[in-house]
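I opened a notebook page for this model. My entries follow.

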Amino acid sequence: MMREDIQLAVVGAGPAGCTAALVAARELDVVLIERKSEIGSPVQCGGFLPEGGELEALLPRARLPEELKEIPKRCILHHTRLQRIYSPSGMSKEFAVAGRVLDRRSFDRHLASQAARAGARILPATRAALLEGGLELSGHYSGRLRPRMIIGADGPRSTVSRHMGNPLQEMGICLEYEMADVDIDSDAAEMFFSARYAPGGYAWIIPLGPDRANVGVGVRSSYLSGQKLPDILEGFVHGHPQAKEKLSSGEVLAVMRGLVPAGGSAGSIHKGNMILAGDAAGHVLASSGGGIPLAVVAGRIAGELAIEHLCRGKSLSEYSSRIGREFGRELERSVQIRKMVDVAMRSDRLINALFAALSPEQMKSVMRAQIPSPLSSREWSIK
């Protein structure tokens, strides 16, 4: 049983929570609480992360933590140099993107280990329920904590966010295989758009090596029309004209599921002594589903502000403005882009037309949450 007053409780030990705990523990008494029995497991995302130079172009106003730019080799499964995008017609366009494919289990544990070395106490296999004046812990560790401040980094269905009064965000739902003995281009992270094979989202092949890959689909439930996600993924692997040539002879080694916020920032990311970071705050680029860079930056901001608030009296209301300065523009534009292309996502004919209107460089700008001129035309507007 634990009954104690502490300075900071961080709920959730993903990239956002671990980074916040790592930064804050340098000056504060920090407890990092994770409901999963193993930090980083089960894996719930593809693990693709651009290299440092690409991240600087993606988030030009953000101060990127070293934990995001310099990642230990043991946490990187593979490097890619291209991003290739397929239209429903089978046409593809590609552009240069230097990328890393992370071993998320290893990466998340690396961040948690760094937080522990900085002084944070780690409580895995433990759930945190918010009560008036504190946290009720259950699971491997139990008892009550009375933190002066709480950082909610507890994922898409955040308990802390709900306690703050936020409604459930719009979600993408993802299902992914790790596959072996596939015939892929190991230099390219590939995305496939099709109303038939990935309704309201896209499918992907992310190389893990010469003949291994993460293969998945991410869709929005409003586009499913009664379809089951496992059937959609099987249809992609064995039925997509281009993908089946690469995948149909492969073997599935693991099945992974997850949710991805698709609606941008949560209604409120600060209330009282609580702030949100990462998926819990909707810190995900809605145009691509990419969340690791934003999560780590948000975790750094949250950890720094926790020190300033608890040691020097800085108001937590500063949090929203700091997030806005560092990546708010990219986050808002990603939602704009998603809404602009929503009009095309129900029709392969419209997806093909949009694909034809964009050059490879314009596609790259979309991945960076920049709006190219073809997307801003009235034809694709949501007015």
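Why is Cys18 in no bond with the closest cysteine sulfur? I looked up the gap: the sulfur of Cys18 is 12 Å from that of Cys75, the closest, so the pair is too far apart for a bond.

Note on provenance: this is a predicted model, where local features need pLDDT of at least 70 and side-chain atom pairs count only at pLDDT 80 or more, while totals for chains, interfaces and linings use all residues. Residues are numbered from 1 along each chain as its sequence is written, and side-chain values use heavy atoms, leaving out hydrogens and water.

I then searched the whole structure for disulfides (cysteine sulfur pairs within 2.5 Å). The search found 0. Cys75 is in no disulfide either.

Next I checked burial (buried is under 20% relative accessible area, exposed over 50%, partly exposed in between; 1.4 Å probe, protein chains only). Cys18 is buried at 0%. Cys75 is buried, also at 0%.

Pro72 came next. I found Pro72 in the loop between helix 3 (66–69) and strand 4 (76–86). Helices are DSSP runs of H or I with at least four residues, strands runs of E with at least two, numbered from the N terminus. Pro72 counts as buried, at 18%. From Pro72 to Glu234 I read 34 Å, C-alpha to C-alpha, across 162 residues of sequence.

Last entry: Asp181. Asp181 lies in the loop between strand 10 (171–180) and strand 11 (188–192).
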